[in-house]
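Got a minute to poke around inside a protein? Have a look at the model below, then try the questions.

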Amino acid sequence: MDSAASPADQSKPAVAKDENGTGSDDGKEEDYKMPDNASETLYLQNLNETVRVDFLKQTLQNLFKSYQVVPPVIAHGNLRMRGQAFVSFPNKEIADKARREVAGFPLYGKPMQLSFAKTKSDVIVRKEEGEEGLESHKKRRLEHKKETRKNNPLRQKMQAKLKAAAAADPTGAAAVAPRRPQIQMPDEYLLPNALLFLQNLPDGTTKEDLHEVFNQYPNLLEVRLIPAKKDIAFVEYADEESATVAKEALHNFKIDGETKMKVSYAKK
């Protein structure tokens, strides 16, 4: 893996850009006006997803060191946030300067995309408003998240379908059509073996995602997805002991940061 160079090492000096991402190289910095949406925190995208999260955080810390970065750098390895990060600075002016000068810098072979974060980071809120202000900020963020989920178009569409089905069949007879229950052996009665059965995988989980998660534990042999069922998979280790270690460590692990993955021994 190539080491990251500093933006100062680039042969061509940075070009000042306006809020639309355009700019000129005439050097007239005094004509530049900071965008109205400027904040102390930058949102980084298009980061190399193969870089370990802890290593990426340290690299970004060093990369923005000359801009007085306020730790910690925020980055996650789950599916939803992979390839993204948040970096905070002492004030909007310094954040804006970093945004304009570092945008497009090829970090590990991928040009970074920088924009202002829509909300203040926890570290900035704590700095400006103290612990009480931070708690209020977290509550507002949680309420916003709940409201966003509630107003999700896909959720509303599904609810509309359910209402339409109920209106078309007031008796509910179609909904209660008899179905023979499928009897399954409880997980605790399954004999330990080298093959693990994964359930409740989030949408979009790939073979590479699972390999990255389970390869943290030794003796991984194979990851197998089931094309017909996107939410299950099998993971095989070289021996029962290795599979048990992975099972105990990763049961209820949230690959996407939200959905708990169920890990049990596979039936033999």
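What follows is a short round of questions and answers on this predicted model.

Q: Which helix gives the most residues to the largest nonpolar core?
A: Start with the elements that put two or more residues into this core: strand 1, helix 1, strand 3, helix 2 and strand 6. With four residues, the top contributor is helix 2.

Q: How many residues are in the other core, apart from the largest one?
A: The largest nonpolar core has 26 residues. Another core lies apart from it, with Val213, Phe214, Ala246 and Tyr265 among its members, and its residue count is 19.

Q: Is Thr59 buried or exposed?
A: Thr59 sits in helix 1, and a polar atom of its side chain is 2.8 Å from the backbone oxygen of Phe55. Buried means under 20% relative accessible area. Thr59 comes in at 8%, so it's buried.

Q: Are the rings of Phe55 and Tyr108 stacked, edge-to-face or tilted?
A: The ring centres are 6.3 Å apart. Planes under 30 degrees apart would count as stacked and over 60 as edge-to-face. The planes here are at 45°, so the pair is tilted.

Q: How many residues apart in sequence are the parts that the Phe55 and Tyr108 pair ties together?
A: Phe55 is partly exposed at 38% relative accessibility, whereas Tyr108 is buried at 11%. Phe55 belongs to helix 1 and Tyr108 to the loop between strand 4 and strand 5, so the pair ties together parts whose separation in sequence is 53 residues.

Technical notes
Residues numbered from 1 in each chain as written. Predicted model: local features only at pLDDT ≥ 70, side-chain atom pairs only at ≥ 80, totals over all residues. Heavy atoms only, no water. Core = buried A, V, L, I, M, F, W, Y, C linked by side-chain atoms within 4.5 Å. Buried < 20%, exposed > 50% of the residue type's maximum accessible area, 1.4 Å probe, protein only. Polar contact = N/O pair within 3.5 Å; in protein donor to acceptor, adjacent residues only side chain to side chain. Phe/Tyr/Trp six-rings, centres within 6.5 Å; stacked < 30°, edge-to-face > 60°.
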